[in-house]
Every structure is written in C-alpha cells, then in structure tokens.
Amino acid sequence: MSGLIACHECDLMQRVGTLPEGSTATCVRCGAILHKRKPNSIERTLAFALSGLILFGVTNAFPFLSLKIGAQVQETKLITGILELHKSGMSEIAFLVFFTTILVPFLQLTGILYVVLSVRFGRLYPKFRRVFRYINLLQPWGMMEVFMLGILVSIVKLAKMAKIIPGISIFAFFALIVVIAAAISSLDMHLVWEKCDQYRKKHR
Ligand SMILES: [Zn+2]
C-alpha cells in the first residue's frame, strides 16, 4: 500500500502519487499540506550533512572558551568541560551534556549521510530502514541550542569576574546548530521512502 498518507490535521487517509519537484499536495478535506516535494532534496541534504561533519570536527577539536583572570588564561574544550562536570561529582549532568551536544548530533549527521548516500547511489545499505527511523527518533534529543543558551547566560554572569575569550569551537558550534536543522529540514522523508519502495520492487 504505497502512497497513502494520513492528514496530520484531520486524519483523512488519501492516496498521493509521486509529486514533481517543488510541488505540494494538500488535503482534500481540510487543505493542510500533506507532502511538499523539496527541490534537490538529496543533494542539498548531502551538502549540509558533510559541512555538518566538518563543523562537528572543528567544534570538538578546538578551544570552546578561554577564561582570563589576571595573567592566567584557562582554555576549555567542549569535552574537557564535560569531564570537569564529571570530576566535580555532577556525572548525570555531564552525561546529559555529552549525550545532547556531542553524541546525538554525531549520530544525526552520520545517520543522515548514510541514508542520503544510500539513496544517491540507488542501493539500500544494510539496516537502511532502521537508520532512517532513528534519525527521526533522535531529533528531540539534540539540544545544542539549549546548551548554547546556558553558555550565553554563564558568559554574562562570568563577565564580571573574568575576561572571556570565545574560541573557534563556539562559532563552529553555533553554525553546527543551523546546519543540522537545515539538513533535517531539507531531507524529504517521503522521497526517501518512495526510493526505498522502488528499490524493493526492482529487486524482488
Ligand atoms: Zn486534512
């Protein structure tokens, strides 16, 4: 049963065929958008995911913030900050920060890349469907923007005590938030399932 979509507004089931690029299918009953076929979805998502991985590398390899008190300068990387949390007895928070700002973004980026490359080269890599489902499951767990907000608040508070020098990593982190959001929103979920079906039919 391919092409059946339930309207997320009024729950009416209706059949939507393959849409031409850039066009939109709307619900016959309530007019809500059922599916929007995004132009160049696969190529754009691929570009975002690749730049995301580069930014991810920069975010984790370079200093995040430097604190200058008197003549003393202390550099912190994202991971050393997390280890500090762990050392000072806040292991749960350390794990949460690690999970939401390092692990989830990494899994999201590699997962998207895996799915997009698979579709791009017209073959289903192993566990394709599971990986694709995980991308959606992970989405609520990426909380880089919450972390960023926390950082900004503490910068304002610390500014009275020390001079704060932002590192390259913090800018890459900021860009990474935008790039991950762009990669997810440019990925056309329906198109991926459509390709998945086509492939399965061809190789049955
Ligand atoms: Zn509807």
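Trainee: Let's start with Leu46: which helix is it found in?

Mentor: Leu46 belongs to helix H1. Keep in mind that this is a predicted model. H1, residues 41-61, is where confidence is highest, at a mean pLDDT of 95, whereas helix H7 (residues 189-202) is where it is lowest, at 83. For the protein, the mean pLDDT is 89, with 99% of residues at 70 or more.

Trainee: What makes Leu46 count as buried?

Mentor: Its relative accessible area is 18%, and buried means under 20%, so Leu46 qualifies. Beyond four places in sequence, Leu46 touches Leu113, Val116 and Leu117.

Trainee: How far is the C-alpha of Leu46 from that of Trp193?

Mentor: The two C-alpha atoms are separated by 17 Å, and the residues lie 147 apart along the chain. Contact needs heavy atoms within 4.5 Å, and Trp193 is not among the residues listed as touching Leu46.

Trainee: Now the metal. Why is the site of the zinc ion called tetrahedral?

Mentor: The angles among its four donor atoms run from 102 to 113°. Four donors count as tetrahedral if all angles lie between 85 and 135 degrees, so the site fits that class. As a reference, the ideal angle for four tetrahedral donors is 109.5 degrees.

Trainee: How do you know which atoms are donors to the zinc ion?

Mentor: The SG atoms of Cys7, Cys10, Cys27 and Cys30 sit at 2.3 to 2.4 Å. The cut-off for a donor is 2.8 Å, so these four sulfurs pass. Along the sequence, the donor residues follow the spacing C-x2-C-x16-C-x2-C.

Trainee: Among those donors, is Cys27 buried or exposed, and what about Cys30?

Mentor: Cys27 has a relative accessible area of 4%, so it is buried. Cys30 comes out at 39%, which makes it partly exposed, because that class lies between 20% and 50%.

Trainee: Which residues touch the most other members of the largest nonpolar core?

Mentor: Phe64, Ile112, Phe147, Phe173, Leu176 and Val192 do, in a core of 39 residues. The elements giving two or more residues to this core are H1, H2, H3, H4, H5, H6 and H7. A second, separate core has eight residues, including Ile5, Val16, Cys27 and Ala32. Phe64 has contacts beyond four places in sequence with residues including Phe147, Ile151, Ile170 and Phe173.

Trainee: How do you know that the span of helix H6 is close to what is expected?

Mentor: H6 (residues 168-186) has 19 residues and reaches 27 Å from its first C-alpha to its last, against the 27 Å expected at 1.5 Å a residue. Its buried residues include Phe173, Leu176 and Ile180. The elements they pack against include H1, strand E5 and helix H2.

Trainee: What about Ser66 in strand E5: why is it called buried?

Mentor: Ser66 has a relative accessible area of 8%, and the limit is under 20%, so buried is the right word. Its contacts farther than four places along the sequence are Val73, Gln74, Glu75, Lys163, Ile164 and Ile165.

Trainee: What makes the phi of Asn40 stand out?

Mentor: Asn40 has a positive phi of about 50° although it is not a glycine. Most residues other than glycine have a negative phi. Asn40 sits in the loop between strand E4 and H1, and at 42% relative accessibility it is partly exposed.

Trainee: Where does Lys127 lie, and why is it called exposed?

Mentor: Lys127 is in the loop between H3 and H4. Its relative accessible area is 57%, and exposed means over 50%, so the label holds. Lys127 also has a positive phi, of about 60°.

Notes
Residues numbered from 1 in each chain as written. Predicted model: local features only at pLDDT ≥ 70, side-chain atom pairs only at ≥ 80, totals over all residues. Heavy atoms only, no water. pLDDT = per-residue confidence, 0-100. Helix = DSSP H or I, 4+ residues; strand = E, 2+ residues; numbered from the N terminus. Expected span 1.5 Å × (residues − 1). Buried < 20%, exposed > 50% of the residue type's maximum accessible area, 1.4 Å probe, protein only. Donors = N, O, S within 2.8 Å, 3.2 Å for Na, K, Ca; no water. Tetrahedral: all angles 85-135°; square planar, octahedral: opposite > 155°, others 65-115°. Core = buried A, V, L, I, M, F, W, Y, C linked by side-chain atoms within 4.5 Å.
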